[in-house]
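Visitor: I have a structure open and don't know where to start. Can you walk me through a few parts of it?
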Amino acid sequence: MLADEHILMSTSLPVLSHPDAAKAFLHDGERAAWHDDALWYVRSKRDRATDLPEWEALREAASALKAHAMSRLAELLEAFEQRATASGIVVHWARDAAEHNRIVLDILRSTGVKRVAKSKSMLTEECGLNPCLEAAGIEVVDTDLGERIVQLAHQPPSHIVIPAIHWKKEEIAQLFHTAMGTPAGESSPDALAGVARVHLRDALLHADAAITGANALVAETGGVVVCTNEGNADLGMHSAPVHIACVGIEKIIATRDDLGVLLRVLARSATGQPVTAYTTHVTAPRAGSAMHVVLVDNGRSARLADAEMRSALHCIRCGACLNTCPIYRRSGGYSYNHVIPGPIGAILAPAVNLDAHRTLPFASTLCGSCGDVCPVKIDIPAQLVTWRERSAAAGMLPAGYATLFKRLGPLLASRTRFNRAGAWARRLLPVLRALSFLRRLNPWTRPGRDLPVAPAESFREWAKRTGRLS
Amino acid sequence: MSARDAILTAIRAAQVPASPPASAVARPIAEDDLLPQFLRVLSEVGGAGIVRGAHQTVASILADALPPDAEGVVIARGRFGVAENAAVYVDAADIDARADIIRAEHLVLLLPVTALVPTMHEAVRRMPDKSACGWFLSGPSKTADIEQALVIGAQGARTLHVILEPA
């Protein structure tokens, strides 16, 4: 089996700075603006769906149930394992990505699986499962429509909920024309989704095994909960002879009451729906079939020991922080160079490898919007700042930042100096805007971006003048 | 050490301080508002709700609601419905095979009009204790993966009707 070792490890992405990757994305300004609008549309739907009198109480409860689950993590996982095992589910444990891939591959090989229908799972992306299975000669079809689009294009998802958010329908039309023989130029979403329906239902109903993720594991019921809108996870898991659910250990929750809270915030935050079209709770395999759950650590227990960053494990992968982030919307998922992009990715990636992802904690204006929309109230901005502090302490600040911060320090520490500098900056900004050569030096003013127009007076001056501040 | 023991040991070594369970968040909805809200949300999520009249049968309702040559019609009994999100809970114990739910092109769910609850808060408490598999189904299958354009009938049911049985 040692011969397989090379296919079990996920290939790591090359180190790339976020500003450099964003530059490539912003090269096409029109497209960047289109991407920005598409995400803002999703964010707006989320705002309408969360307009409930009890919304803040729900966020508080969702945050509390996650913190509670993390404080009893070992015990809850054992309770889940015991109930699931008693009802015929085989529970596996994987320390890391390679072990996860090995377990899945062994299950598939032992049952002679040739074709796998997979539904969306960021965990299997994290573990690099698809390339591993393909290298072993197993055909894998991603059956979420967005994931199928990026799979056909040999790309990873650029968004955790809307994997093909960066694709225009005309491009999908071309892709489907080549891959599925749709008429050239047929780009209506109805027609394209209709062809994909036939193609994906066929893959789902004839697969030898179904692989899904899970949105939650409920310790109280021993249940695996899977949420989709397309119904693809259900099509696979209720028809294939083998179902494998690949789940991060942080997905466990204590009770079905907790599940109620989670389901009330998840789809509202993700897509602005009151709940997903399909929410499935499975506690036992169906007669004549096998069901496996693979519980994956892959760095999660280490993060649990990090008190300042632990709450990042509360993430329910709704994508709300991506949709609202002014940086993500204008730089695209691939600029993060990590399986989970956006603000949540910018605090998850440094824990995997701070050196490689040192620019991510700086891919933020610290505007705080990510923290405001997070349904489980992860203080993402605070963690971004903590990662910045840690990269400074480790001597891993992105190039130029160390000198910059050393110079800025005395300025920011004194109110008088800060105010004086502000006044100078307002006078200097128009001049700097005019000096085009400066743009090459500053990542913030690369093509597609510009320095703002400076107001005539500072906020403090305005407040004083209008009598709001004595 | 097995992977299981290694993971559980690492988790315990993290010594996460105790944190209390979440408190319940309910939003009572007046009895009279449950049905109107359920029907409104159901139509918003692309489904259709019909309260069966005294002179109607399920067959006569479906004859009007579905295309004449409709194939893959699956009729299933729901246990209860949720006003806030139009989800109907169907338990696998009430259908012949789990695959029925997903092979259906047209899904028809029968639900007593008295079996509506306000939110998921009450709904999860009504899930049967010994369920092997159950679904909350809210409208037909859908996708917005192509430029956020909503397409009804992705991989699962193309239509979803809820027929509410009068008390």
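Guide: We can go through how the chains touch, and then one pair of helices.

Guide: This is a predicted model, in which local features need pLDDT of at least 70 and side-chain atom pairs count only at pLDDT 80 or more, while totals for chains, interfaces and linings use all residues. Residues are numbered from 1 along each chain as its sequence is written, and chains are lettered from A and ligands numbered from 1 in the order in which they are written.

Visitor: How many residues of chain B are in contact with chain A?

Guide: On chain B 60 residues are in contact with 72 residues of chain A; contact means C-beta atoms, placed from the backbone, within 7 Å.

Visitor: Which element gives the largest share of chain B's side?

Guide: That is α1(B), with 9 residues.

Visitor: And do any strands pair up there?

Guide: Strand β9 (residues 278-282) of chain A is joined to β7(B) by 5 bridges, and the two run antiparallel. Strands are DSSP runs of E, at least two residues, and helices are runs of H or I, at least four; two strands pair if DSSP finds at least two bridges between them.

Visitor: What is the bridge partner of A:Val282 in β7(B)?

Guide: A:Val282 has B:Cys133 as its bridge partner.

Visitor: New topic. At what angle do α20 and α21 of chain A pack?

Guide: Helix α20 (residues 401-413) and helix α21 (residues 415-434) of chain A pack at about 110°, with axes 5 Å apart. So α20(A) is roughly perpendicular to α21(A), a label for angles of 65 to 115 degrees.

Visitor: Which residues of α20(A) make the contact?

Guide: A:Pro410, A:Leu411 and A:Leu412, against A:Arg417, A:Phe418 and A:Ala421 of α21(A).

Definitions and conventions
Axes are lines fitted to C-alpha atoms, for helices over the stretch in contact, and angles run from 0 to 180 degrees between N-to-C directions. Angles under 35 degrees count as roughly parallel, over 145 as roughly antiparallel, 65 to 115 as roughly perpendicular and the rest as oblique. Two residues are in contact if their C-beta atoms, placed from the backbone, lie within 7 Å.
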